[in-house]
Amino acid sequence: MLSCQRDLFTLTRETAYLDAAYMSPIPVAAIAAGEAGVRVKAEPWKMTIASYYDEVEQARQLAASMVGANADDIAVVAATSYGMAIAAANVPVPAGSAILLMENEHTSHRYVWYDLADRAGAFVDLVPQPADGDWTGAIVSAIRNSDRPIAIVAGTLVHWFEGMAIDLEAVAVAARTAGAALVVDGTQWVGAVPFDVGRVRPDFLVFATYKFLLGPYRLAFLYADPSWHEEGRTLEHHSWNRLGGDKSDFYKVPVAKFLPGARRFDMGERSDFAVLPIAIAAMKLIQGWSVERVFERLRYLNDFVWAQANSRGLDVARPRMPTPHISILDIGDRLAPNAAQELKRANVHVTLRGTKMRVSPHVYNDEEDVDRLFQNLPLR
């Protein structure tokens, strides 16, 4: 199994950071890459046209490798919400049809669909949280039994707030059978859970880099199924996603054709000289470890979280279908009101929402971090 990689980060032994699902630290190698990237803009006279292309394509290739895609299928975008806006600009939503999403879906994968439904004269149908924890069954049933034609299924592999896993392949089959597009948010799991777009075949998949990809904030990648490569609508029009943009006379062509594949969806100023190198360095590390080995490491650590909770007498039931890389423990009225402040004072970091504690380790964590969490968890 992959060992603890703490030495590759600036985390000291005194810091128990178990909150990758909120935002991960970047590795030391990525810090150095970002510093070098900042210096590029300090001496712009040394830049060449390759400065606008080489790192973009390297990042595109690395991002593709995280989800089993080809580089041509990947666009460089600013955020999950940006990628969702591209999906919303392309997927047809007839008046009277429905956009299906889970109850309490993340806002970056929620607001855009309400806006689209309002403009299209369509409906947003929510799948309530199932009492038995079977989100997959609930979503598939909602697709099959809808009173309205389903235009879009807004899917994911893990409910970001409840920590329950979803069989996205089963959801995809049901969506295709219903003639619906599948748009997926991967921000909470890409880089931590093995995934193959060839098996699920979503129309669009968006994933930001600042969580389990150990990357920077303000950067995401959009997978677009090849069916959208030729006619897909982009949000921005600029030289960098067009043929000939690297030529000195690019401006002489009134409207140049798009670059091949999903590159048409690339954001403007995609060649961020400070941000892209950070993402590249981080994804190189993950590629070297392999997503499969990262996943095994995180599953082991999360099993240890639940084992520690049980051994310390916390009456918390693991969800029936838990996601293996995140633990969400509902501690109920035993959680002290000042728990968040006390944990921070002890330099232990998790996410607390109401009675629920989300623990999301990464490769820089080990058993001692988990021990420190439960040693310092304020209870009543």
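Author: A crossing of two helices is called right-handed if the near helix is turned clockwise from the far one by less than a right angle, and left-handed if anticlockwise. The model discussed here is predicted.

Reader: With which hand do helix 1 and helix 8 cross?

Author: Helix 1 covers residues 28-42 and helix 8 covers residues 275-289, and their axes come within 7 Å and cross at roughly 155°. Helix 1 is therefore roughly antiparallel to helix 8. By the definition just given, the hand of the crossing of helix 1 and helix 8 is right-handed.

Reader: How many charged residues are in the contact of helix 1 with helix 8?

Author: On the side of helix 1, the contact involves Ala29, Ala30, Ala33, Gly34 and Gly37, which meet Pro277, Ile278, Ala281 and Ala282 in helix 8. Glycine is counted with the polar residues, and the contact of helix 1 with helix 8 divides into 7 nonpolar, 2 polar and, as to charged residues, no charged.

Reader: How many charged residues are in the contact of helix 2 with helix 8?

Author: The axis of helix 2, residues 54-66, comes within 9 Å of the axis of helix 8, and the two cross at roughly 35°, in a left-handed crossing. Helix 2 contributes Glu55, Val56, Gln58, Ala59, Leu62, Ala63, Ser65 and Met66, while helix 8 contributes Leu276, Pro277, Ile280, Met283, Lys284, Ile286 and Gln287. These residues divide into 10 nonpolar, 3 polar and, as to charged ones, 2.

Reader: Which helix gives the most to the largest nonpolar core?

Author: The largest nonpolar core has 104 residues, of which Trp113 and Phe204 touch the most other members. With 8 residues, the element that gives the most to this core is helix 8.

Reader: Which tryptophan is in contact with Phe204, leaving aside neighbours within four places in sequence?

Author: With those neighbours set aside, the contacts of Phe204 include Ile86, Ala87, Asn90 and Val91, and also Leu182, Val183 and Val184. Leu222, Tyr223, Ala224 and Phe265 are likewise in contact with Phe204, and the tryptophan in contact with it is Trp228.

Reader: Is alanine 154 buried or exposed?

Author: Alanine 154 lies in strand 5, residues 150-156. Leaving aside neighbours within four places in sequence, alanine 154 is in contact with Leu100, Leu101, Glu105, His109, Trp113 and Val183. Because its relative accessibility is 5% and the cut-off is under 20%, alanine 154 counts as buried.

Definitions and conventions
Residues numbered from 1 in each chain as written. Predicted model: local features only at pLDDT ≥ 70, side-chain atom pairs only at ≥ 80, totals over all residues. Heavy atoms only, no water. Axes fitted to C-alpha atoms, helices over the stretch in contact; angles between N-to-C directions. Helix = DSSP H or I, 4+ residues; strand = E, 2+ residues; numbered from the N terminus. Parallel < 35°, antiparallel > 145°, perpendicular 65-115°, else oblique. Contact = heavy atoms within 4.5 Å. Core = buried A, V, L, I, M, F, W, Y, C linked by side-chain atoms within 4.5 Å. Buried < 20%, exposed > 50% of the residue type's maximum accessible area, 1.4 Å probe, protein only.
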